[in-house]
Structure formats: C-alpha cells, structure tokens
Amino acid sequence: MSRSVPMVQPITTISATPDHADAIAALWHESWHDAHAALLPREIVAPRTLSSFKERLKPLLPHTLVALTNGTIGGFATVLNDELYQFYAGRPARGRGLAGQLLQKAEQRLSETGVSVGVVHCLAGNARALQFYERHGWRGTGVTELPIWMPEGSQAVTVPSCLLKKRLG
C-alpha cells in the first residue's frame, strides 16, 4: 500500500494588512498552544490569551506575510531583521504544502532585504517544527536559553530554544 502524498494547495502570499489582524491573532493563538502548551509550564502558557496575541501582533503586522487559500488565511510568517521571527500554519493547512510555500516566500523576503544567512528559533522539544525546518534546509546550530514573552510586570523567563540557520539566495 502506498502512502498518500498531501495535496499542495495553491496559495497567494501577500503582506498582512490591518484587516487580517484578527484572523492572524486567532491562528497564532491556536497554533502556539498546539505547538507549545504541552512543552511549557502552566505559568508560561496561561497568560497567552487571544487578546495577548492581538496586542503582540500590532507592532509585528508590518513585517508579516499571510498565506491565503481561497481567500482564507492558512498561515503567517513574520520576518524581523535576519530572523524568521514567527511562523505558523493553521490546523486546516497543516500537511497540505501551505507551510512550505509560505516558508519559501519568507526566505525570499529575508534575501531581498540583504540577509545572506537567515535565523529561526524553535522551542526545544517541538519536534514537528524542527523536522519541518530541517526538511527545508535549515540546520541546527545548538540550543540556548532565550527570553520568552511574558505579560508586563511578570518575572522574566527563559526557555531552551534551538537555533537554526540557513544560507539564503
């Protein structure tokens, strides 16, 4: 019996606009919890409400690409300086090729801004994400403790993060 290959969905990748903000925040909230909630303590997970993602997205929106399938946001990528800062595909888009196409566009955006080696950090233990990046040519360079967002007034927290890099262009 042969393994079925997921259908690659045609996507359109565009710069995010304020009209996309609520859908991006909802996708980010859901996908972040899918990927990280089981790996982190409750004290880190609990403050990550939908409203916290909406607030955190505001300054990132101008640096964000959205992947649309039939007009619906299936994923997003935020590029800051030399870093793929945020990258998520929604549940309906996973395993359908959208993330790979979006990653290619994000890498292109990095390259167009003069970045020759891109960087992405991934929570240690997030095997699905690590395997995805490695399949697309990103290579791990080690694990380091990095600060993670916490609400204002909270104690600073670090988490073990895998650093991956890729030569672009």
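**View A. Buried face of helix α3 in a predicted model.** In α3 (residues 50-57), S52, F53, R56 and L57 are buried (under 20% relative accessible area with a 1.4 Å probe, protein chains only). They cover an arc of only 135 degrees around the axis, which puts them on the same side of α3. The arc is taken from the directions that run from the helix axis to the C-beta atoms. These buried residues pack against α1 and β4 (83-89). Helices (H or I, at least four residues) and strands (E, at least two) are DSSP runs, numbered from the N terminus.

**View B. Length and buried face of helix α1.** The 16 residues of α1 (residues 21-36) should span 22 Å, at 1.5 Å times one less than the number of residues. The end C-alpha atoms of α1 are 22 Å apart, which agrees. Buried in α1 are I24, A25, L27, W28, S31, W32, A35 and H36. Their arc is only 165 degrees around the axis, so they lie on the same side of α1.

**View C. Crossing of α1 and α3.** The two axes, lines fitted to C-alpha atoms over the stretch in contact, come within 9 Å. They cross at roughly 120 degrees, on a scale from 0 to 180 degrees between N-to-C directions. α1 and α3 are therefore oblique (neither under 35, over 145, nor 65 to 115 degrees). The crossing is right-handed (near helix turned clockwise from the far one by less than a right angle).

**View D. Contacts between α1 and α3.** Contact means heavy atoms within 4.5 Å. On the α1 side, the contacting residues include W28 and W32. On the α3 side, they include F53 and L57.

**Notes.** Residues are numbered from 1 along each chain as its sequence is written. Local features need pLDDT of at least 70, side-chain atom pairs count only at pLDDT 80 or more, totals for chains, interfaces and linings use all residues, and side-chain values use heavy atoms, without hydrogens and water.

Notes
Buried < 20%, exposed > 50% of the residue type's maximum accessible area, 1.4 Å probe, protein only.
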